[in-house]
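Q: I am new to this structure. Can you teach me how to read it, feature by feature?

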Amino acid sequence: GKTLRLILGDQLNSTHSWFKKVDEDVVYVMMEVMQEQEYVMHHVQKILAFFAAMRNFAHQLTKKGHEVIYLNLDDKHNTQTIEGNIKRIITEEKIERFEYLLPDEYRLDEQLKQICNKLKIETSSTDTEHFFTTRHEVKEFFGDKNFLMENFYRSMRVKHQVLMQGSKPLGNKWNFDHENRKKYDGKLPLVPAIEFNHDVSALKEMIDAKKVKYFGEVDEKHFPWPLSRKEAIKLIDYFCEHLLPHFGTYEDAMLQQHISLFHSRISFAQNSKMIAPHEIIGKVLAHYDKNKHEITLAQVEGYTRQILGWREFMRGVYWAKMPEFATLNFFDHRGELPEWFWTGKTKMNCLSKCIGQSLNNAWAHHIQRLMVIGNFALLAGLNPDEVDAWYLGIYIDAIEWVEITNTRGMSQFADGGIIASKPYVSSAAYINKMSDYCGSCYYDYKKKTGDKACPYNSLYWDFFYRNADKLEGNHRIGMMYNILKKMNRDEINEINKQAGIYLDAINEL
Ligand code: FAD
Ligand code: SF4
């Protein structure tokens, strides 16, 4: 009998064992469905990137001799739901068995289990063969203990023998953070980001004709993102050659004229599974081995930590804590997103640049997401549901397992400290130190209160003041409360008043 195998849009792993040989009894199905356009409003580049990469993938499978049913969004047989399409194909093709790859998103995992319960044929699911870890490995690793990224990361280094010398870390140190994370000094020449220049205008026409709701900008004749495995490999080779030598040093730096500095921009290619984390790390390590005279261990360790550490860790926390995780709101924050989150039109230069760039490119680097946008959202007490929906929509790499853990957890501390041991907040001093935003800003980064005082400053102290009951006991931030206690009453009153004025007029900031 015939088997139907479902491939979701973020499961484009052409090295998967499913595709090792052509089997005449197997039909693959891939689909563009409204269901996936409507659970959140997406950035237009995100929709186009996924559809274009899916179409390429289906084309490659067909070329290798596999039978593939591909449903375009405007196909007249398309029922626009995964369930509807699967049921129709099972009947029409006389399918006797249904198989799927384990989804990374809780919502889809539940949905596929339900679909299978209803089907009258045999069903099964199998791993995507993408990650280093299984869904529950992080949970099993920690058991009842607190989740600590660093401990998990070290165990991964040992288990997979990455940057190890026997049982010891290469260079005798696990962590090179203090050598990394510098401000960009303007001396080192910047290298342009690699762009792929695709024409996706036909796809764009189709989503417009289907009235898909989206936001953000796109140059559909010069679409820059990698859309195939071949391009993903090209991107990572370019990264190794040109960007890796300075990745760690400047990984936290922000610059107006060059949005990505030395970041790899591999997240879309990786999260859609066109390239696997072990392949990326393999390439980085091989390049390091050949070029030790020009690349320091600190750069390579810094990059490896993001992929072998943070990425796998976030996925593990997701599966350990969902679905409850999506409801957590530790500070009970209820603020609405300011209108300028959708336009970038604010006088705060850092936010205007970071949000504007996200609207233009569907991408921002980690520190822009964490210490500019997320920092503001947390200080201003915005509702984590709205913050999550914004992050899930806007970034080209945003899939819930890695978006929600980063946003609700790491950035908004709405999980009360499952992921981060203290809230990632800062005043203007940090933004000024790491970027060139403050120099040309309407606001004065040095002022806490008064005319043109930078909003981050009063909101920062007001945040700690407001949340003393929840945070004072945290030994990692005790210092903040010592400073607060030493401030005089008038100063605190002024700060609270200033913060109140700014929050009341948040749309005009
Ligand atoms: P690089 O800086 O070159 O890093 C290489 C790779 O390391 C990334 O591609 C990514 O796979 C991995 N990585 C780095 N940091 C993290 C992290 N914190 N968690 C998981 N993986 C990491 N990343 C997503 O892939 N999808 C998201 O939806 C997402 N949302 C985020 C939301 C917030 C509030 C924050 C603070 C971070 C978020 N990140 C997310 C993590 C990180 O910002 C992006 O992975 C990164 O900016 C992608 O660009 P890059 O490929 O150039 O990364
Ligand atoms: Fe951002 Fe404040 Fe600096 Fe302006 S002064 S760029 S608002 S941190």
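Q: Where does V218 lie?

A: Start by placing a residue among the helices and strands. V218 lies in the loop between strand 9 (214-215) and helix 8. Keep in mind that this is a predicted model.

Q: Which residues does V218 touch, leaving out those up to four places away in sequence?

A: Look for neighbours that the chain itself does not force together. V218 touches V44, Q45, L48, K204 and F223.

Q: How far apart are V218 and K486 in sequence and in space?

A: Sequence and space are two separate rulers. V218 and K486 are 268 residues apart in sequence. Their C-alpha atoms are 51 Å apart in space.

Q: Now the overall layout. Into which domains is the chain divided?

A: The domains are domain 1 (2-126), domain 2 (137-216 + 228-321) and domain 3 (339-508). Note that domain 2 is written as two segments. The C-alpha centres of domain 1 and domain 2 lie 28 Å apart. Their contact takes 31 residues from domain 1 and 21 residues from domain 2.

Q: Why does ligand 1 lie between domain 2 and domain 3?

A: Check which domains supply the shell. Domain 2 and domain 3 both give residues to the shell around ligand 1, so the ligand lies between them.

Q: Which residues come nearest to ligand 1?

A: There are 28 residues around ligand 1. Of these, H263, S264, R265, N271 and N406 come nearest.

Q: Which helices each supply at least two residues of that shell?

A: Helix 9 (267-271), helix 11 (297-321), helix 13 (366-379) and helix 15 (400-411) each do so. Helix 11 gives the largest share, 6 residues.

Q: How many residues of the shell around ligand 1 are nonpolar, polar and charged?

A: Sort the shell by residue type. The shell has 12 nonpolar, 11 polar and 5 charged residues.

Q: What polar atoms lie close enough to ligand 1 to pair with it?

A: Look for N or O pairs within 3.5 Å. An oxygen atom of ligand 1 is 3.0 Å from an N or O atom in the side chain of W363. A nitrogen atom of the ligand is 3.4 Å from an N or O atom in the side chain of R369. The backbone takes part too: a polar backbone atom of D397 is 2.9 Å from a nitrogen atom of ligand 1.

Q: How much of ligand 1 does the protein bury?

A: Compare the ligand alone with the ligand in place. Taken alone, ligand 1 exposes 830 Å². The protein buries 99% of that.

Q: Next, accessibility. Is A232 buried or exposed?

A: The cut-off for buried is under 20% relative accessible area. A232 has 0% relative accessibility, so A232 counts as buried. A232 sits in helix 8 (residues 229-243). Apart from residues up to four places away in sequence, A232 touches P226, I266, A269, M274 and I275.

Q: Is S458 buried or exposed?

A: S458 is buried, because its relative accessible area is 0%. Its place is in helix 17 (residues 455-466). Leaving aside neighbours within four places in sequence, S458 is in contact with K448, I495, Q498, A499 and Y502.

Q: Where does Q412 lie, and which backbone atoms does its side chain reach?

A: Q412 lies in the loop between helix 15 and helix 16. Q412 is buried, with a relative accessible area of 3%. The side chain of Q412 reaches the backbone oxygen of G374 at 3.0 Å. A polar atom of that side chain also lies 3.3 Å from the backbone nitrogen of L378.

Q: Last, backbone angles. What is usual there?

A: Most residues other than glycine have a negative phi, and most peptide bonds are trans.

Q: What is the phi of Q161, and what is the phi of K452?

A: Q161 is not a glycine, yet its phi is positive, about 50°. Q161 is in the loop between helix 6 (149-159) and strand 7 (164-165). K452 also has a positive phi, near 60°. K452 lies in the loop between helix 16 (428-434) and helix 17. At 36% relative accessibility, K452 counts as partly exposed.

Q: Which residues does a cis peptide bond join?

A: Read omega for this one. A cis peptide bond joins M322 and P323, with omega about 5°. P323 lies in the loop between helix 11 and helix 12 (349-361).

Note on methods:
Residues numbered from 1 in each chain as written. Chains lettered and ligands numbered in written order. Predicted model: local features only at pLDDT ≥ 70, side-chain atom pairs only at ≥ 80, totals over all residues. Heavy atoms only, no water. Helix = DSSP H or I, 4+ residues; strand = E, 2+ residues; numbered from the N terminus. Buried < 20%, exposed > 50% of the residue type's maximum accessible area, 1.4 Å probe, protein only. Contact = heavy atoms within 4.5 Å. Near = heavy atom within 4 Å. Polar contact = N/O pair within 3.5 Å; in protein donor to acceptor, adjacent residues only side chain to side chain. Areas by Shrake-Rupley, 256 points an atom, 1.4 Å probe, with all protein chains shown as cover. Nonpolar A, V, L, I, M, F, W, Y, C, P; charged D, E, K, R; others polar. Domains from an automatic or database assignment.
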